[in-house]
Amino acid sequence: MNKNSDPLDYLIQCCETAINTGQWKLTKFTVLNAKDELNKLRTKIKDFTKEAFDANQFAVQEINRNLEFTIVAWARKNDRGDLYDLRMIQNPYLDPSIVVPLYSDGKTLHDNSAQ
């Protein structure tokens, strides 16, 4: 174990040695190095916590955005996955496994007729 690269483990090892033998090998450098390593770990934890919070906020926004979508039409799907027979009213007599609901957020309209 390296006292420079693993200061916390080295500090614990020194404390265990002191308990078992009664002799202390601690230096000021060992304590300061361990304190510095502990501060770095706390900073990393704080950064990870903020990153997790931001990711959670983004997920909540996406879920809320998806809740605004409403069904505006229905289409049927063939064996190749092509959509056909678009309708504004759902036909209750069609097989539900081939009926696909089409959603809109009510804000975005795309007009492709001008092309």
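Three short exercises on single residues of a predicted model follow.

**Exercise 1. Place A73, classify its burial and list its contacts**.

Step 1: find the element. A73 sits in strand β1, which covers residues 70-77.

Step 2: classify the surface. The relative accessibility of A73 is 10%. Buried means under 20%. A73 is therefore buried.

Step 3: list the contacts. Leave out residues up to four places away in sequence. A73 then touches R87, M88, V100, P101 and L102.

Step 4: check a separation. F58 is 15 residues from A73 along the chain. Their C-alpha atoms are 29 Å apart.

**Exercise 2. Is D85 buried, partly exposed or exposed, and what is the sign of its phi**?

Step 1: find the element. D85 belongs to strand β2, residues 83-87.

Step 2: read the backbone. Phi of D85 is near 55°. The sign is positive, and the residue is not glycine.

Step 3: classify the surface. D85 has a relative accessibility of 26%. Buried ends under 20%, and exposed starts over 50%. D85 lies in between, so it counts as partly exposed.

**Exercise 3. Which helix holds N33, and which residues does N33 contact beyond its neighbours in sequence**?

Step 1: find the element. Helix α2 spans residues 28-67 and includes N33.

Step 2: classify the surface. The relative accessible area of N33 is 15%. With the cut-off for buried at under 20%, N33 is buried.

Step 3: list the contacts. Set aside neighbours within four places in sequence. N33 is then in contact with K3, N4 and P7.

Terms used: Residues numbered from 1 in each chain as written. Predicted model: local features only at pLDDT ≥ 70, side-chain atom pairs only at ≥ 80, totals over all residues. Heavy atoms only, no water. Helix = DSSP H or I, 4+ residues; strand = E, 2+ residues; numbered from the N terminus. Buried < 20%, exposed > 50% of the residue type's maximum accessible area, 1.4 Å probe, protein only. Contact = heavy atoms within 4.5 Å.
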